[in-house]
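This report takes one chain from a single residue's surroundings up to its overall fold. Please look over the sequence and the model before reading on.

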Amino acid sequence: MASDPPSSQPSSHETISPTLKPLQLSLRLPASPQTTIHIHLTILTTTLLLFLTTTSPTSASAGALSSLGSFVYAMPDRLQASNTLSTALYTRDSSVDFTTRVAKILARRTGMPVYVGGSVDFGMGATIEEEVEGLKGVIDVVVAEVGKTKEEKEREGGL
C-alpha cells in the first residue's frame, strides 16, 4: 500500500498565523486637541504601507465619511541618500502635498519604499505650525514603530 505524498496545502484543522500585523494608532495635536490623526501602519519586510486620516468635531466633514485622499509611493535614492524619489498614484488637491511630504520623509528616514494614503484635513483655520506639528508627530510615531519592529526581527534573527 503506497502512502500519499505529503501535501503542500495545510489541512483544514491547522491554523496559519498571520504574517501581517497592522498597527492602528492615533495622536492628538497639542495646538488642536479636538483634532486626532489616525494612523494605520503595516510594516512589511521591504515596504511600509501607511494610511492617515483625521477626525475633528469642528471640521467641515464632521460626522461624514472622509474622501480617499491621495496615494503616494516614495523610495530612497540608492545613489544619493539625500534625494528621495516619489510619484503620486492617486491625487486629491487637498491632501497630495501633505501625503507626499510624509512619504518622502519616511522613505529617507527608514531607507525603505513607502506607500502612503492620506486624507488628512487640518481644517480651514489651521496654521502652518499645526500642520508641521501633525507631520512631525506622524513621522516620529512611524519611525519609532519601524525601529521597534526592526529590533524585534533582529532579536529573532529575521533581518
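Does Leu68 count as buried or exposed? Leu68 counts as exposed, because its relative accessibility is 60% and the cut-off for exposed is over 50%. The model is a predicted one.

**Leu68 and its patch**

Leu68 sits in a loop. That loop runs between strand S3 (48-55) and S4. Leu68 also helps to form a nonpolar surface patch. Its partners there are Leu89 and Tyr90. The patch covers about 310 Å².

**Ser70**

Ser70 belongs to strand S4, which spans residues 70-76. Ser70 has a relative accessible area of 1%. Ser70 is therefore buried, since the cut-off for buried is under 20%. Leu68, by contrast, is exposed.

The side chain of Ser70 takes part in two kinds of pairing, listed here.

| Side chain | Partner | Distance |
|---|---|---|
| Ser70 | backbone nitrogen of Arg92 | 2.9 Å |
| Ser70 | side chain of Ser95 | 3.0 Å |

The pair with Ser95 is a polar contact between two side chains. With Arg92, the side chain of Ser70 reaches a backbone atom, the nitrogen.

Which residues touch Ser70 once its neighbours within four places in sequence are left aside? Tyr90, Thr91 and Arg92 are among them. So are Ser95, Val96 and Thr99. Val116, Gly117 and Gly118 complete the list. Tyr90 thus appears twice in this account: in contact with Ser70, and in the nonpolar patch with Leu68.

**The first hairpin**

Strand S1 covers residues 23-29, and strand S2 covers residues 32-43. The two pair in the antiparallel sense. Seven bridges hold that count. Leu27 has Ile37, in S2, as its bridge partner. How many residues does the hairpin use to join S1 to S2? The hairpin uses two residues.

In a regular strand, side chains alternate between the two faces of the sheet.

**The whole chain**

The protein chain holds two helices and six strands. Along the sequence, the pattern reads β-β-β-β-β-α-β-α. The protein chain has 159 residues, and 33% of them count as buried. Ser70 is one of the buried residues.

Contacts with a separation of 6 or more were also sorted by sequence distance. Residues 24 or more positions apart account for 56% of them. The accessible surface of the protein chain is about 10500 Å². Carbon and sulfur atoms make up 54% of that surface.

Notes. Residues are numbered from 1 along each chain as its sequence is written. This is a predicted model: local features need pLDDT of at least 70, side-chain atom pairs count only at pLDDT 80 or more; totals for chains, interfaces and linings use all residues. Side-chain values use heavy atoms; hydrogens and water are left out. Helices (H or I, at least four residues) and strands (E, at least two) are DSSP runs, numbered from the N terminus. Buried means under 20% relative accessible area, exposed over 50%, partly exposed in between (1.4 Å probe, protein chains only). A polar contact is a pair of N or O atoms within 3.5 Å; within protein, one must be able to donate a hydrogen and the other to accept it, and residues adjacent in sequence count only if both atoms are side-chain atoms. Contact means heavy atoms within 4.5 Å. Patches are made of residues with over 30% relative accessible area and no salt bridge: like charges are joined within 9 Å, nonpolar side chains (Val, Leu, Ile, Met, Phe, Trp, Tyr) within 5 Å. Accessible areas come from the Shrake-Rupley method with a 1.4 Å probe; for residues, only the protein chains shown count as cover. A salt bridge is a side-chain nitrogen of Lys or Arg within 4 Å of a carboxyl oxygen of Asp or Glu. Two strands pair if DSSP finds at least two bridges between them.
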